[in-house]
Protein chains: 2
Amino acid sequence: MDSATAREQALDAAESLFYGRGIQSVGMDDIRGASGVSLKRLYQLFPAKEQLVEAYLERRDVRWRGRLAEYVERQADPERRILAVFDWLEEWFGEADFRGCAWINSYGELGARSERVAGQVRAHKRAFREYLASLVAGAGLPDALTGPLFLLAEGAMVTAGITGSARPAAEAREAARSLLAVR
Amino acid sequence: MDSATAREQALDAAESLFYGRGIQSVGMDDIRGASGVSLKRLYQLFPAKEQLVEAYLERRDVRWRGRLAEYVERQADPERRILAVFDWLEEWFGEADFRGCAWINSYGELGARSERVAGQVRAHKRAFREYLASLVAGAGLPDALTGPLFLLAEGAMVTAGITGSARPAAEAREAARSLLAVR
DNA sequence: ACCGTAGGAGAACGCTCGTTCTCACGTCAA
DNA sequence: TTGACGTGAGAACGAGCGTTCTCCTACGGT
């Protein structure tokens, strides 16, 4: 197995375990067991657990925002695109392994202790907010709408995570629709 | 020192440490050091750490909702009361030791592993949502407003926690004002 | 065939931490 | 005074886990 595939398999295992069970409760040995990558190799690829955590969050960030953008950009109408964000959230919340927002959860777990993790969470949220801002601008709507839309989305993520229901996405979408209607 | 005061001091220390640094990174010995309550006594009062965690969350829940209600009920006008929730959030976010919502953080840390903690988080959020519902009903507004207001508040809490800024409260309040204006 | 190197399995090390135990002290009832 | 008891300080125990080390195997180049 070459380094690139070992790295991918390690990250696959890390993502499913860290996201599903939390970061602190998953040991490097669990990653080894789930990935088939030996401890020696793991430590060659990621000199410490924290770097594996960072790589996990980074790869997930790229994929998460990519999936969202791909979904949203299927819509041609600029205002529909904004609402499509909430449709996508609803799909995501309904996935079998959904356990809330990985960054919000990681922040709760490590935000107070790891400045690097906290920084990645802030960067991810900033990027998501800027993406929303670009959709708002693309629809010719006032930038002041971005904040409320972002808060609705964050509220939906955290609530869906805690309750395990996809319903907050629909509530947030309807609220967003009202806000868009006000102008 | 009698049992009641020992218990209070233990909970005071637990609250400031758990909330400030996260639950898993605070040891029972840290609680002992900060509270002056010996380990023996701590284990008499709380037979295991998890029960101290539960007692911390429970006492904080009562106090948090009490402080909110006390603030909100200073307003006579029923619609003002709804907006006062967001004013109170802004005050809370501005406190020096503010580190986000204790329940959201705890859920990120332990929600996947401790069903009891997860249950307390759900109960707290349900109670907060029901309080909002009572304010909405008191203002004679449609119950469908409760969900959006709740999501705005949750989004503000999580965003304020991550960014360390009180601004999300103002954004949420303005969005709430728009939603109330729509009817 | 031989050697050097990389890699795997898993033991070992060191630290943290939840929990319990030891021991010495002070208190209070008889 | 004495002895049973509760308590505090802190050592001790045992488990978990991040990280490193040992030892053995396999393979690639000469």
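For the residue classes used here, Ala, Val, Leu, Ile, Met, Phe, Trp, Tyr, Cys and Pro count as nonpolar, Asp, Glu, Lys and Arg as charged, and the others, Gly among them, as polar. Sorted that way, the residues of the surface near DNA strand D split into 5 nonpolar, 3 polar and 4 charged. All of this comes from a predicted model, so the distances quoted below are read off predicted coordinates.

Who sits around the DNA, then? From chain A, the residues around DNA strand D are A:Val26, A:Gly27, A:Met28, A:Leu39, A:Lys40, A:Tyr43, A:Ala48 and A:Lys49. Chain B adds B:Ser38, B:Lys40, B:Arg41 and B:Gln44 to the residues around this strand. On the DNA side, sugar and phosphate make up 59% of the strand D atoms that come within 4 Å of the protein. In terms of secondary structure, α3 (39–45) of chain A and α3 (39–45) of chain B each put at least two residues into the surface near DNA strand D.

Some of these residues come up to phosphate oxygens of the strand. For A:Met28 it is the backbone that does the job, with an N or O atom 2.6 Å from a phosphate oxygen of DNA strand D. A:Tyr43 uses its side chain instead, where an N or O atom is 3.0 Å from a phosphate oxygen of DNA strand D. From the other chain, B:Gln44 has a polar side-chain atom 3.4 Å from a phosphate oxygen of DNA strand D.

Moving to the protein itself, chain A comes out with 9 helices and 0 strands, so its pattern along the sequence is simply α-α-α-α-α-α-α-α-α. Its C-alpha atoms fill a box of roughly 60 × 30 × 30 Å along the principal axes. Within helix α2 (residues 28–35) of chain A, A:Asp29 and A:Arg32 are 3 residues apart, which means about one helical turn between them. Their side chains meet in a salt bridge, at 3.0 Å from N to O. Over all chains, the structure holds 36 salt bridges.

Aromatic pairs turn up as well, with a count of 20 over all chains. One of them joins A:Trp64 and A:Trp92, edge-to-face, at 5.7 Å centre to centre and 75° between the planes. Because A:Trp64 lies in helix α4 (residues 49–72) of chain A and A:Trp92 in helix α5 (residues 78–94) of chain A, the pair ties together parts that are 28 residues apart in sequence.

That leaves the interface of the two protein chains. Here 37 residues of chain B are in contact with 37 residues of chain A. The buried area between them is about 2,800 Å², and carbon and sulfur atoms give 70% of it. As for polar links, there are 2 salt bridges across the interface of chain B and chain A, including the one between the side chains of B:Arg129 and A:Glu171 at 2.7 Å, N to O. Across this interface there are also 6 residue pairs in polar contact. On chain B, the side that touches chain A draws at least two residues from each of α1 (3–21), α6 (102–110), α7 (115–138), α8 (146–163) and α9 (167–182). Of these, α8(B) gives the most, with 13 residues. By class, the side of chain B that touches chain A has 16 nonpolar, 11 polar and 10 charged residues.

Technical notes:
Residues are numbered from 1 along each chain as its sequence is written. Chains are lettered from A and ligands numbered from 1 in the order in which they are written. This is a predicted model: local features need pLDDT of at least 70, side-chain atom pairs count only at pLDDT 80 or more; totals for chains, interfaces and linings use all residues. Side-chain values use heavy atoms; hydrogens and water are left out. A residue is near a molecule or strand if one of its heavy atoms lies within 4 Å of it. A polar contact is a pair of N or O atoms within 3.5 Å; within protein, one must be able to donate a hydrogen and the other to accept it, and residues adjacent in sequence count only if both atoms are side-chain atoms. Helices (H or I, at least four residues) and strands (E, at least two) are DSSP runs, numbered from the N terminus. Contact means heavy atoms within 4.5 Å. Buried area is the accessible area (1.4 Å probe) that two parts lose on being put together, summed over both. A salt bridge is a side-chain nitrogen of Lys or Arg within 4 Å of a carboxyl oxygen of Asp or Glu. Rings of Phe, Tyr and Trp (its six-membered ring) pair if their centres lie within 6.5 Å; planes under 30 degrees apart count as stacked, over 60 as edge-to-face and the rest as tilted.
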